[in-house]
Amino acid sequence: MGKAPLTWQIVESLPWLNAPVASGTIAPLTATNISVTVSRSGLTNTTAIKGTFALTTNDKNIPIDVYLDMPAPPPPSSPAEVRFYGRQLRVRDRLPDGTLSEPYHYAIKGSGWSPSSIGSSSDSTFRRLEFEKWYVADIQLHRAMNANTVYTFLDFGTDATSFHVLDNLYKNGMKAIVTVDEDGTANSNRLQQIVTAYRNHPAILAWAIGNEWNINFYHQTFSNILDSANATESLARDIKALDTNHPVVAIFGDIDIPGLNPLRRSDENTNQPVSTERIVNDLCPHVDFWGLNIYRGRTFGNLFTQWSSITAKPMFLSEFGTDAYHSTFLDILDGAEDEPLQAAYNRGLWYEIVTNLSALTLSGVCVGGAVFEWGDEWWKARPVDGASIDVQENLGYYGGQADGFANEEWFAIVAIDRRVRQSYLNFQSDFATVVPPADLDRDGLPDSWEYRLMDMDGAGALRQIGDVLPDDDFDDDRASNYSEYIADTDPAAASSGLRLTSFSRSNQVVRLQWVGGIQATQYLERSTSLNPGSQWVTILTNHPLTSVTNQFTDSAGGTSANRFYRIKVAR
């Protein structure tokens with residue numbers, strides 16, 4: 001707001017973008033709206049297109065990114081398949097043709113997403129409207145960051161807008177963990193509406209309930225932690241009665257809070273009667289995994305060993321991180337934005353998560369993390385403290401952060417104008433390196449194959465990847481699990497195996513028939529002796545995709561009285 005006029009000009013060379021008014025002058029102490037139009041004519045992309053143009057002024061040049069969403073076929077009307085085996089999160093994506101992908105380990109890489117604009121209200125109704133405003137750009141930025149998940153504190157609504165958001169997530173290969181009880185208030189009516197509306201959408205990963213409910217008792221809906229725990233179990237049961245395809249996660253604060261909920265059952269007393277150990281294992285059995293909002297400083301400390309010592313259930317970091325403002329005093333003029341500090345702090349915490357990822361290590365206890373948070377929210381500071389929703393203030397509370405003070409309106413890795421901070425760029429490279437292995441337990445059996453066998457285990461004996469052993473014979477057909485994998489036969493059906501089914505000889509002509517899988521290379525071999533050291537000659541190489549039933553006529557075996565045949569396979 002200076003005393004001189006501000007001249008401006010749009011410099012653009014994007015064929016699909018046009019500025020009806022490309023230049024102008026803004027008088028001192030005034031503002032103006034600058035409009036651009038876009039055209040999809042001639043564009044064939046099915047995902048959003050990113051373009052950049054420059055707004056030049058007599059003060060500075062401002063690069064502006066524009067995301068043009070493109071139409072795409074509607075997603076399939078069936079959900080992905082998401083379930084836990086032990087602490088490993090197994091996902092089968094719903095593909096565009098309606099079929100399911102091969103099963104794979106899923107590591108949550110994302111953010112706590114609550115989009116906001118300057119002047120946005122704290123009211124949940126208005127906050128929900130922000131999804132419609134920002135979903136195209138925010139989902140593209142998440143995708144560019146190599147994220148695969150958004151964790152939302154609110155649902156998207158039940159009108160067409162909600163499905164615009166979900167469809168766009170699916171189109172961009174992302175999934176959502178959606179809070180379904182109205183911002184963690186234990187609203188069971190809202191839960192029923194949202195789960196019923198979203199349960200068949202392929203972008204849903206999991207349902208979340210509560211938000212630090214062990215601390216706020218569902219935002220004072222209940223008066224104590226025991227009643228809150230019982231409500232958590234009731235909400236989880238309600239979800240499972242509506243949907244069996246997605247797990248339920250309950251969002252906790254810290255797991256060891258003296259005077260509120262101690263870590264272990266042995267530390268319970270009249271002042272802290274309910275431990276995290278009892279909540280997780282006894283009071284809330286229908287909760288599949290736990291979200292932990294952890295702010296312990298530059299490190300999680302002993303969090304992961306604490307968790308593994310009290311339960312076999314998995315968890316993820318539903319909130320972690322620090323703000324981007326370095327406070328010296330509580331006056332905003334006495335501090336400054338400090339992107340390098342936030343970036344280093346957040347990266348250190350993410351590295352600790354990676355070390356404990358269940359998708360990377362069989363003994364890992366953590367499913368992933370959602371950094372807090374995606375975009376700055378200027379409504380966070382309270383009006384009673386002199387805050388305004390139109391200004392980014394340095395207000396918050398002491399403790400748990402890099403500078404000892406949590407600046408609530410500066411936590412994001414993307415500023416309110418969608419300028420990415422250094423921490424975003426760090427996550428962009430760090431998320432890309434987290435690639436779950438194909439054989440987590442290194443037993444020679446691909447995890448996707450083991451998961452399919454576990455899915456067929458009606459007795460429930462195979463509870464985790466490590467329970468599928470190569471030398472076991474699941475269907476008791478005298479072929480080990482490993483042999484069935486190599487032959488590509490069905491390990492759960494004794495009738496499926498690699499075997500000769502027909503053999504006949506007429507003079508020097510031998511006819512053979514056999515059955516097997518379709519994905520393995522089959523070698524039909526012949527020898528004149530079974531003595532050790534005898535030579536075997538490959539007379540047929542059958543490359544995938546093979547038929548289940550195959551046959552071969554051998555008329556070139558010579559005049560030997562003895563001919564022996566065998567089938568070998570390789571993958």
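A residue is called buried here when its relative accessible area is under 20%. In this predicted model, both Arg 421 and Asp 376 are buried, and their side chains meet in a salt bridge with an N to O distance of 2.8 Å. Arg 421 sits in the loop between strand S21 (405-407) and helix H9 (422-432), while Asp 376 belongs to the loop between strand S19 (366-371) and strand S20 (396-398), so the pair ties together parts that are 45 residues apart in sequence. The pairing of Arg 421 with Asp 376 does not stand alone: salt bridges that share partners join Glu 337, Glu 339, Asp 376, Arg 419 and Arg 421 into one network.

The model as a whole counts 29 salt bridges, and two further pairs are worth a visit. Side chains of opposite charge can pair when their charged atoms come close. In the pair of Asp 155 and Arg 128, the closest N and O atoms are 3.1 Å apart. Asp 155 is found in the loop between strand S11 (149-152) and helix H2 (160-171), and Arg 128 in helix H1 (residues 124-144); the salt bridge therefore ties together parts that are 27 residues apart in sequence. Asp 155 has a relative accessibility of 0% and so counts as buried. Arg 128, with a relative accessible area of 12%, is buried too.

The other pair lies within a single helix. Arg 237 and Glu 233 are both part of helix H5 (residues 225-242), where four residues, about one turn of the helix, separate them. Their salt bridge has its closest N and O atoms 3.4 Å apart. Here the two partners fall into separate classes of exposure: Arg 237 is partly exposed because its relative accessibility is 41%, between the limits of 20% and 50%, whereas Glu 233 is buried at 6% relative accessible area.

Turning from charged pairs to the surface, Ile 518, Leu 545 and Val 548 make a nonpolar patch of about 270 Å². Ile 518 is placed in the loop between strand S23 (509-515) and strand S24 (521-527). With a relative accessible area of 32%, Ile 518 is partly exposed. That value also explains why Ile 518 can take part in the patch, because patch residues need over 30% relative accessible area.

Conventions. Residues numbered from 1 in each chain as written. Predicted model: local features only at pLDDT ≥ 70, side-chain atom pairs only at ≥ 80, totals over all residues. Heavy atoms only, no water. Patch = residues over 30% accessible without salt bridge, like charges linked within 9 Å, V, L, I, M, F, W, Y side chains within 5 Å. Areas by Shrake-Rupley, 256 points an atom, 1.4 Å probe, with all protein chains shown as cover. Salt bridge = Lys/Arg side-chain N within 4 Å of Asp/Glu carboxyl O. Helix = DSSP H or I, 4+ residues; strand = E, 2+ residues; numbered from the N terminus. Buried < 20%, exposed > 50% of the residue type's maximum accessible area, 1.4 Å probe, protein only.
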